[in-house]
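User: Could you help me read a structure? I would like to begin with the contact and then look at a sheet.
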Amino acid sequence: MGNMRGEWLRVDAENVLAETIDNEVMIIDMRLGNYFSLFGPAVTIWDALLEPARLEDVIEAVCCQYDGVRGEIAAAVERFVDDLLRERLVAVAPPNGAHVAPPPSPAAEKPPFEPPVLEKYTDMQALLLVDPIHDVDVLGWPRVKPS
Amino acid sequence: MRRGEPATRRESPPALAFFDDVHAAFERAAGAGTSVFTCRLGGETVRLEIAGAFLDAPITAPLAHQRVADGEAAGLTTRLFDVASSGVPLPPRPWQWPDNPARGDIFGFGDERIAVSYNHFGHILSLLDRARGIGLWVTTDAAASVGYFEATPLLDVLHWWLQPRGLLAVHSAAVGLESGGILLAGKGGSGKSTTTLACLASSLSIAGDDYCLLSTRGDGQVWSLYNSARMERENFARLPHLRPLVSRPAALESGDKPMILLHGHHPEKLIRGFPLRAVVLPQIAAAARSSLAPASQARALRELAVSTINQRAGAGRAEFDALVRVAKTVPCYSLALGTDMRQLADLLEELVLEAR
């Protein structure tokens, strides 16, 4: 997805439904029907992107919550944010006056950092994505195939 | 409209003009006669005016348990016809198809007043004029697509009308007692319908198999929507005594999912609704005995929201937030679904009684 450092990023709230529940983020992409689950550091990353944030802000948020080598955390966070961008769950979104979250405070106890994972489920795609419609009648309505 | 002034086409927004054109087609189809069916769904009265003979039975049978007197004042009147059997064509399609139409949504065509969808699987056009409380539901060839809509007809129109009135059509089964009951949520193949139909042998009654109505008014109430139940052919091996109840026995041998209309066979086992006490998430297991275990709220939300939202044109934030509230406020259980149907029914009965 290219160099996103310095870009302002944000969850695409218009096309994505998400809720943090039981320390898990459950996400539905309304465009394709795919759904996702996030755990652990992935939740921290997602929460940081609910408001416009830069990659360095997101890395800082994860470092405040998890214990690990900063360089390794930064690389893993960047890869994960790249995944979010690729799935169009997150988009480039300059703040334009929108609320920007303040820097987080370091947690008193930090669990060890593990690379975040984007769990993706695509089983609903077949219900949503129909083949392009080619066979229509003179009024433009799809022809019904004989059963 | 039939009883009002028709909108002037040049002055109307495109969606309203199209609605009026389809309504005019209904009036031509209705020239051969209409049947009327009135029902009450979650306290909301809905009137159906069905042109022609073919659609009457498949549309009204799943709603038969909710029927009320035809003279009762209805908030929503939905008018239905079939292009093939009536010989009345639809007006020309006024929108461009996107490459990958989703859920039947017609992006960029409907507006705040007119909702529209086209279901490509059943070849069904649905429209709702929210201002006048008039719906339109048109099949291109009902005889060819009846297997698609006969269990859960009119879903888009009903959803658009009922959701703003605090009733959400949820992809879930519901079983229980007057004192309370449970939602059974899960994707296709999870054993939801097998679990529902197993309850016929218990004291629990059935509010729905594929869909039910969930009140979003804060009263925690579940309401029945349809009395139809469909189960995968192979699962009739677990409940073989239900085979004679299948509406179209040929479906037991063909690719269609066999359907049972409970109102015609077990009206005493249907219940109008109950307070929601728990969400149960079935999953087929290898053991004989079924068992329950606490499930995460996130999993309950996933099982309720993904299919409810992904199968309904126009569904989005409001529906999702309503299901979030359910997942966060009601106990959730996973059900390992065993092969002993009697024990399964007893287990769920015990859960419902304990959850009162």
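Analyst: The answers below deal with the interface and then with one sheet; please note that this is a predicted model.

User: How many residues does each chain bring to the contact?
Analyst: Chain A contributes 34 residues and chain B contributes 40 residues. About 3,200 Å² is buried between chain A and chain B, and carbon and sulfur atoms give 68% of that area.

User: Which three residues supply more of chain A's buried area than any other three?
Analyst: They are A:Ile21, A:Trp141 and A:Val144, which together supply 22% of the area that chain A buries against chain B.

User: What about charges: how many salt bridges are there between the chains?
Analyst: The count between chain A and chain B is 3 salt bridges. In a salt bridge between A:Asp123 and B:Lys187, the N to O distance is 3.6 Å. Across the interface, 11 residue pairs are in polar contact, with both residues at pLDDT 80 or more.

User: And which element of chain A gives the most to that side?
Analyst: Strand 2 of chain A does, with 6 residues. The residues on the side of chain A that touches chain B divide into 22 nonpolar, 5 polar and 7 charged.

User: New topic: what is the strand order in the open sheet of chain A?
Analyst: The order of its 3 strands is 5-1-6, and the pairing is antiparallel.

User: Why is one side of strand 5 and of strand 6 left without a neighbour?
Analyst: Strand 5 (53–54) and strand 6 (90–92) of chain A stand at the edges, so each has a single partner strand. Strand 1 (residues 8–11) of chain A is joined to strand 6 of chain A by 3 bridges.

User: Which residue of strand 6 is the bridge partner of A:Val11?
Analyst: The partner is A:Val90.

Methods. Residues are numbered from 1 along each chain as its sequence is written. Chains are lettered from A and ligands numbered from 1 in the order in which they are written. This is a predicted model: local features need pLDDT of at least 70, side-chain atom pairs count only at pLDDT 80 or more; totals for chains, interfaces and linings use all residues. Side-chain values use heavy atoms; hydrogens and water are left out. Contact means heavy atoms within 4.5 Å. Buried area is the accessible area (1.4 Å probe) that two parts lose on being put together, summed over both. A salt bridge is a side-chain nitrogen of Lys or Arg within 4 Å of a carboxyl oxygen of Asp or Glu. A polar contact is a pair of N or O atoms within 3.5 Å; within protein, one must be able to donate a hydrogen and the other to accept it, and residues adjacent in sequence count only if both atoms are side-chain atoms. Helices (H or I, at least four residues) and strands (E, at least two) are DSSP runs, numbered from the N terminus. Ala, Val, Leu, Ile, Met, Phe, Trp, Tyr, Cys and Pro count as nonpolar, Asp, Glu, Lys and Arg as charged, and the others, Gly among them, as polar. Two strands pair if DSSP finds at least two bridges between them.
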